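Welcome! Have a look at the protein below, and then let us walk through it together, beginning with a pair of neighbouring strands.

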Amino acid sequence: MLRRDQQIRTQIHQIADACIFFVSFLVAYVLRADPTIMAWLNLPPATQFPDSAKLLFVVIPGAPLILESQGFYNRAPLSSRGAILWPLFKGCVGLTFALIAIAYVFHLQVARMIMVAFGCIAFCAVWLKEEMLRFFLKSKMAQAQYHRRFIVVGTDKENARMRAELHAHNDEGVEIVAALDLNEAGAEELTTMLHEHSVYGVILSARRAYLEQIENVIKACELEGVEVWLMADFFATQISRTSFDELLGRPLLIFRTTPESSWHSVAKTLIDFVGSFLLLILCLPLFLVIAIAIKGTSRGPVFFKQQRSGHNGRPFTLYKFRTMVTNAEQYRHELEAMNEMSGPVFKLTKDPRVTFIGKILRKYSLDELPQFWNVLWGEMSLVGPRPLPVDEVKRFSDLAHRRRLSVKPGLTCLWQIGGRNKISDFKDWVRLDLEYIDNWSLWLDLKILLYTIPAVLRGTGAK
């Protein structure tokens, strides 16, 4: 795992653990203060909450620090249970004894049973959190979201060494799907492999004798919008407009054309998940009405499914409400001459294949509502370049257009709010998408979402 990703993950865990320790302390106090439980144990109930509350000023900041001192956060996401439980046990025991010592030194009226129960409850609660996280990380959803596929580029010797090192750390979420030998192939072969494997990035591991080939590889990946991780342990200086990181303890230069991992990207993922979940629930009655309208006016399924190119070109199944006749794809070649969009995409304002209900759904973008499921599943985002069909992406004549695939596709973007009813050149569409990628921020996402609402209600420009 990259150092920056690990830092973000550690900070998230520390905040979550501080909350768990806080709640565990309150639960321990409530149990100690419950007269029924204390009567069963033949003990008087605790009543000195003000003194107990003072210990919270130690528990909340101290718990993550003690766990960090035990190496609890310095591990891979799917490390062994022993690497989790032993540091956690030592941390909880250490914190419990620290609270007892503080209560004794400052003469706080806090029952020792509260602090002992707190240590036990906190241990079990954090362990439960780790088990739930382990279960999630092993799920198909997490594998699709966080598992990164790479092509390693270098000499045969360097490629073999990189494969061996990553295999020894196979819990880091990095998978090598292919290798390219610089002695036998160049950037053209790499471009073909990028299209074939839909990878997250390329790991370059080569000596300075191959700098010319390295430059060609970086240029090819730049056109594709694919990250390049250069194992730069032979460079003495940094390169401008790159990010510096570490992989397996070795220095790494990342040539990135997309926003790097940050708290903003974590917040975007959280907004996507929570927003799509709430919107799916709120839209359920509308889903039912639309489904009845579709089934009652035309023959065929309610939902339309199609393979679209997602993040890094990886295909996924996109869901929409069906707005056309069931055999619409068979008639598309007859309408190609009427295409209103230049380039590989097909757009037609008055498409004869669209049903009566379909026209209404398309006008107000109601046919897009099932894509909230794609957002919830992590295949799309609320804001991002619109995903194109796989066959249209394959017809890209300019490889620079593939850089729009370097971020997750979305429900709405600058094209939807800025002129989908005016733009007829695919290059202008791509220009808006790349403008979004190059200037991305949470504030830009929020502005696009806000502008999307009136654009949808007006129902202008839908095709």
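## A strand and its partners

In this predicted model, Val152 stands opposite Ala179, a residue of strand β2. Val152 is one of the residues of β1, and β1 pairs with β2 (residues 174–181) in the parallel sense over 7 bridges. Strand β3 (residues 201–205) also pairs with β1 in the parallel sense, over 5 bridges. Here you can find Gly154 opposite Ser205 in β3.

Is β1 mostly covered or mostly open? Strand β1 covers residues 148–154, and 7 of its 7 residues are buried. Try following the directions of its residues: Arg148, Phe150, Val152 and Gly154 point one way, while Arg149, Ile151 and Val153 point the other way. Residues on both sides are buried.

## Where nonpolar residues gather

Here is a general idea to keep in mind: nonpolar side chains tend to be buried together in soluble globular proteins.

In this protein, the largest nonpolar core has 42 residues. Which residues have the most contacts inside this core? They are Phe321, Trp429 and Tyr436. Several elements each supply at least two residues of the core, including helices α12 (284–297) and α19 (442–458) and strands β8 (315–321) and β9 (381–383). Helix α18 gives the most, with 7 residues.

Let us zoom in on Phe321. Setting aside neighbours within four places in sequence, Phe321 is in contact with a list of residues that includes Phe287, Ile290, Ile294, Phe303, Leu361 and Pro370. There is also a second, separate core, made of 26 residues. Among them are Ile20, Phe25, Leu95 and Phe118.

## Stepping back to the whole protein

Now for the wider view. The protein has 19 helices and 10 strands, and its C-alpha trace spans about 85 × 65 × 35 Å along the principal axes. Of its 463 residues, 47% are buried. How much of the contact network joins residues far along the chain from one another? Counting contacts with a separation of 6 or more, 73% are between residues 24 or more positions apart.

Finally, let us look at the outside and at the charges. The protein exposes about 24,000 Å², with carbon and sulfur atoms supplying 62% of that area. There are 53 positive and 45 negative side chains, and the centres of these two sets lie 7 Å apart.

Notes: Residues numbered from 1 in each chain as written. Predicted model: local features only at pLDDT ≥ 70, side-chain atom pairs only at ≥ 80, totals over all residues. Heavy atoms only, no water. Helix = DSSP H or I, 4+ residues; strand = E, 2+ residues; numbered from the N terminus. Buried < 20%, exposed > 50% of the residue type's maximum accessible area, 1.4 Å probe, protein only. Contact = heavy atoms within 4.5 Å. Areas by Shrake-Rupley, 256 points an atom, 1.4 Å probe, with all protein chains shown as cover. Lys, Arg positive; Asp, Glu negative; His and termini not counted. Charge placed at Lys NZ, Arg CZ, Asp CG, Glu CD. Core = buried A, V, L, I, M, F, W, Y, C linked by side-chain atoms within 4.5 Å. Pairing = 2+ DSSP bridges.
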